[in-house]
Amino acid sequence: MRQAVIKRTTAETDIFLKLDLDGTGKYRINTDCGFFNHMLELFSKHSGFDLEINCAGDSEVDFHHTVEDVGISLGKAFKDALGDKKGIFRYADIILPMDEALILCAVDISGRSCLNFAADFPENYKIGDYDAELTEEFMSAFVRSSEITLHIKKLEGSNNHHIAEGIFKALARTLKNAAAIDEKNRDVLPSTKGGL
(Lines give C-alpha, C1' and ligand atoms only; values in the text may rest on other atoms or scores of the structure.)
Protein backbone atom coordinates (compact mmCIF):
# COMPACT_ATOMS: atom_id res chain seq x y z
CA MET A 1 0.00 0.00 0.00
CA ARG A 2 1.80 3.13 -1.22
CA GLN A 3 0.09 5.59 1.07
CA ALA A 4 1.11 8.26 3.56
CA VAL A 5 -0.53 10.56 6.07
CA ILE A 6 1.11 13.81 7.15
CA LYS A 7 0.06 16.04 10.03
CA ARG A 8 2.04 19.26 10.22
CA THR A 9 1.34 22.12 12.61
CA THR A 10 3.30 25.35 12.94
CA ALA A 11 2.47 28.86 14.12
CA GLU A 12 1.54 29.62 10.49
CA THR A 13 -0.33 26.55 9.24
CA ASP A 14 -2.17 23.45 10.43
CA ILE A 15 -2.18 20.72 7.77
CA PHE A 16 -3.69 17.27 7.41
CA LEU A 17 -2.69 15.49 4.19
CA LYS A 18 -3.38 11.97 2.94
CA LEU A 19 -1.86 10.58 -0.27
CA ASP A 20 -2.40 7.28 -2.12
CA LEU A 21 -0.09 6.77 -5.11
CA ASP A 22 -2.18 3.86 -6.37
CA GLY A 23 -5.50 5.64 -6.33
CA THR A 24 -7.80 6.82 -9.08
CA GLY A 25 -7.39 10.59 -8.86
CA LYS A 26 -10.02 11.25 -6.19
CA TYR A 27 -9.50 14.42 -4.19
CA ARG A 28 -10.82 16.51 -1.34
CA ILE A 29 -8.92 19.79 -1.06
CA ASN A 30 -9.38 22.81 1.20
CA THR A 31 -6.65 25.43 1.55
CA ASP A 32 -8.88 28.56 1.60
CA CYS A 33 -7.14 29.68 -1.63
CA GLY A 34 -9.43 29.00 -4.58
CA PHE A 35 -6.83 28.90 -7.34
CA PHE A 36 -4.43 26.78 -5.27
CA ASN A 37 -7.28 24.34 -4.56
CA HIS A 38 -7.84 24.15 -8.32
CA MET A 39 -4.14 23.40 -8.95
CA LEU A 40 -4.07 20.63 -6.35
CA GLU A 41 -7.32 19.13 -7.64
CA LEU A 42 -6.01 18.89 -11.18
CA PHE A 43 -2.68 17.57 -9.82
CA SER A 44 -4.62 14.71 -8.20
CA LYS A 45 -6.77 14.06 -11.28
CA HIS A 46 -3.87 14.00 -13.76
CA SER A 47 -1.50 12.00 -11.55
CA GLY A 48 -4.11 9.43 -10.56
CA PHE A 49 -3.05 9.93 -6.94
CA ASP A 50 -5.84 10.11 -4.37
CA LEU A 51 -5.27 13.27 -2.37
CA GLU A 52 -6.90 14.74 0.71
CA ILE A 53 -5.65 18.08 2.05
CA ASN A 54 -7.04 20.31 4.74
CA CYS A 55 -4.93 23.37 5.50
CA ALA A 56 -5.80 26.19 7.88
CA GLY A 57 -3.24 28.92 7.32
CA ASP A 58 -2.58 32.57 8.12
CA SER A 59 -4.46 33.76 5.05
CA GLU A 60 -4.99 37.14 6.70
CA VAL A 61 -1.29 37.71 5.88
CA ASP A 62 -1.28 36.09 2.42
CA PHE A 63 -1.07 32.54 1.04
CA HIS A 64 2.73 32.19 1.04
CA HIS A 65 2.90 29.99 4.15
CA THR A 66 -0.09 27.91 3.03
CA VAL A 67 1.42 27.15 -0.39
CA GLU A 68 4.92 26.49 0.92
CA ASP A 69 3.80 24.27 3.81
CA VAL A 70 1.45 22.25 1.63
CA GLY A 71 4.39 21.76 -0.74
CA ILE A 72 6.54 20.53 2.15
CA SER A 73 3.79 18.18 3.35
CA LEU A 74 2.98 16.79 -0.09
CA GLY A 75 6.67 16.20 -0.81
CA LYS A 76 7.12 14.34 2.47
CA ALA A 77 4.02 12.26 1.79
CA PHE A 78 5.26 11.41 -1.71
CA LYS A 79 8.64 10.28 -0.36
CA ASP A 80 7.05 8.24 2.44
CA ALA A 81 4.49 6.61 0.14
CA LEU A 82 7.22 5.47 -2.28
CA GLY A 83 8.76 3.34 0.46
CA ASP A 84 11.92 1.54 -0.67
CA LYS A 85 11.35 2.67 -4.30
CA LYS A 86 11.81 -0.83 -5.68
CA GLY A 87 10.18 -1.34 -9.05
CA ILE A 88 9.55 2.32 -9.92
CA PHE A 89 10.44 3.66 -13.34
CA ARG A 90 12.28 6.53 -11.56
CA TYR A 91 12.52 8.85 -14.60
CA ALA A 92 9.80 10.57 -16.60
CA ASP A 93 9.33 13.64 -18.75
CA ILE A 94 6.65 15.40 -20.75
CA ILE A 95 6.10 18.42 -22.95
CA LEU A 96 2.56 19.42 -22.03
CA PRO A 97 0.36 21.86 -23.96
CA MET A 98 -2.18 24.02 -22.15
CA ASP A 99 -3.74 26.15 -24.87
CA GLU A 100 -0.99 28.62 -25.91
CA ALA A 101 1.27 27.55 -23.03
CA LEU A 102 3.79 24.76 -23.51
CA ILE A 103 5.58 23.31 -20.48
CA LEU A 104 8.54 20.95 -20.33
CA CYS A 105 8.79 18.88 -17.16
CA ALA A 106 11.30 16.15 -16.30
CA VAL A 107 11.78 14.27 -13.04
CA ASP A 108 14.26 11.88 -11.48
CA ILE A 109 13.22 10.25 -8.20
CA SER A 110 16.86 10.39 -7.23
CA GLY A 111 17.06 10.91 -3.49
CA ARG A 112 18.69 14.27 -4.26
CA SER A 113 16.83 17.56 -4.05
CA CYS A 114 17.39 19.72 -7.12
CA LEU A 115 15.00 22.18 -8.77
CA ASN A 116 15.58 23.95 -12.07
CA PHE A 117 12.60 26.26 -12.55
CA ALA A 118 12.51 28.45 -15.65
CA ALA A 119 8.96 29.74 -15.92
CA ASP A 120 8.76 33.40 -15.06
CA PHE A 121 5.59 35.28 -14.18
CA PRO A 122 5.14 39.07 -14.14
CA GLU A 123 6.13 40.53 -10.78
CA ASN A 124 3.25 40.89 -8.32
CA TYR A 125 0.83 39.10 -10.66
CA LYS A 126 -2.21 37.51 -9.04
CA ILE A 127 -4.41 34.71 -10.37
CA GLY A 128 -7.52 35.19 -8.27
CA ASP A 129 -6.16 35.46 -4.71
CA TYR A 130 -3.03 33.43 -5.57
CA ASP A 131 0.32 35.12 -6.18
CA ALA A 132 1.67 33.54 -9.38
CA GLU A 133 5.22 33.57 -7.97
CA LEU A 134 4.08 31.03 -5.36
CA THR A 135 4.18 28.36 -8.06
CA GLU A 136 7.96 28.28 -7.79
CA GLU A 137 7.75 28.37 -3.98
CA PHE A 138 5.50 25.29 -4.04
CA MET A 139 7.84 23.42 -6.39
CA SER A 140 10.88 24.31 -4.29
CA ALA A 141 9.23 23.11 -1.08
CA PHE A 142 7.97 19.93 -2.74
CA VAL A 143 11.40 19.10 -4.18
CA ARG A 144 13.22 19.67 -0.87
CA SER A 145 11.01 17.33 1.11
CA SER A 146 10.46 14.68 -1.57
CA GLU A 147 14.18 14.57 -2.44
CA ILE A 148 13.66 14.46 -6.19
CA THR A 149 15.26 16.25 -9.12
CA LEU A 150 12.75 18.37 -11.03
CA HIS A 151 13.18 20.48 -14.16
CA ILE A 152 10.37 22.79 -15.27
CA LYS A 153 10.71 25.07 -18.26
CA LYS A 154 8.11 27.26 -19.94
CA LEU A 155 8.67 26.84 -23.67
CA GLU A 156 5.74 29.06 -24.67
CA GLY A 157 2.96 30.93 -22.93
CA SER A 158 1.40 34.32 -22.32
CA ASN A 159 -1.65 33.58 -20.16
CA ASN A 160 -0.52 33.18 -16.55
CA HIS A 161 -3.45 30.96 -15.58
CA HIS A 162 -2.57 28.59 -18.43
CA ILE A 163 1.14 28.64 -17.54
CA ALA A 164 0.51 27.77 -13.87
CA GLU A 165 -2.06 25.11 -14.79
CA GLY A 166 0.30 23.62 -17.36
CA ILE A 167 3.05 23.41 -14.74
CA PHE A 168 0.90 21.55 -12.20
CA LYS A 169 -0.50 19.21 -14.86
CA ALA A 170 2.99 18.49 -16.19
CA LEU A 171 4.23 17.75 -12.68
CA ALA A 172 1.30 15.40 -12.15
CA ARG A 173 1.94 13.44 -15.34
CA THR A 174 5.69 13.11 -14.80
CA LEU A 175 5.31 11.98 -11.20
CA LYS A 176 2.62 9.48 -12.23
CA ASN A 177 4.94 7.93 -14.80
CA ALA A 178 8.11 8.05 -12.69
CA ALA A 179 6.42 6.52 -9.64
CA ALA A 180 4.63 3.82 -11.65
CA ILE A 181 5.71 0.23 -11.09
CA ASP A 182 7.67 -1.46 -13.87
CA GLU A 183 6.17 -4.95 -13.78
CA LYS A 184 9.27 -6.50 -15.37
CA ASN A 185 11.43 -5.13 -12.56
CA ARG A 186 9.00 -5.05 -9.64
CA ASP A 187 11.62 -6.05 -7.05
CA VAL A 188 14.54 -4.16 -8.56
CA LEU A 189 15.83 -0.81 -7.31
CA PRO A 190 16.52 1.37 -10.36
CA SER A 191 20.03 2.37 -9.30
CA THR A 192 23.57 0.94 -9.40
CA LYS A 193 24.26 2.58 -6.02
CA GLY A 194 22.07 0.24 -4.05
CA GLY A 195 19.93 3.08 -2.73
CA LEU A 196 17.88 6.08 -3.79
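A salt bridge is a side-chain nitrogen of Lys or Arg within 4 Å of a carboxyl oxygen of Asp or Glu. In this predicted model, Lys126 and Asp131 form such a pair, with their closest N and O atoms 2.9 Å apart. Lys126 counts as partly exposed, at 45% relative accessibility. Asp131, at 16%, counts as buried, because buried means under 20% relative accessible area.

By this rule the model holds 12 salt bridges. Three of them are set out below.

| Salt bridge | N to O distance |
|---|---|
| Lys76 and Asp80 | 2.8 Å |
| Lys126 and Asp131 | 2.9 Å |
| Glu183 and Arg186 | 2.7 Å |

Lys76 and Asp80 both belong to helix H2 (residues 64-82), where they stand 4 residues apart, about one turn of the helix. Lys76 is partly exposed, with a relative accessible area of 39%, and Asp80 is partly exposed as well, at 35%.

In the pair of Glu183 and Arg186, Glu183 is exposed, with a relative accessible area of 55%, while Arg186 is partly exposed, at 42%. Elsewhere, salt bridges with shared partners link Arg90, Asp108 and Arg112 into one network.

Helix H1 (residues 34-47) permits a check of its length. Its 14 residues, at 1.5 Å a residue, should span 20 Å, and the C-alpha atoms at its ends are 20 Å apart, so the two values agree. The buried residues of H1 include Phe35, Phe36, Met39, Leu40, Leu42 and Phe43; Asn37, Ser44 and Ser47 are also among them. Just after H1, Gly48 adopts a positive phi of about 80°.

How values were computed: Residues are numbered from 1 along each chain as its sequence is written. This is a predicted model: local features need pLDDT of at least 70, side-chain atom pairs count only at pLDDT 80 or more; totals for chains, interfaces and linings use all residues. Side-chain values use heavy atoms; hydrogens and water are left out. Helices (H or I, at least four residues) and strands (E, at least two) are DSSP runs, numbered from the N terminus. The expected span of a helix is 1.5 Å times one less than its number of residues. Buried means under 20% relative accessible area, exposed over 50%, partly exposed in between (1.4 Å probe, protein chains only).
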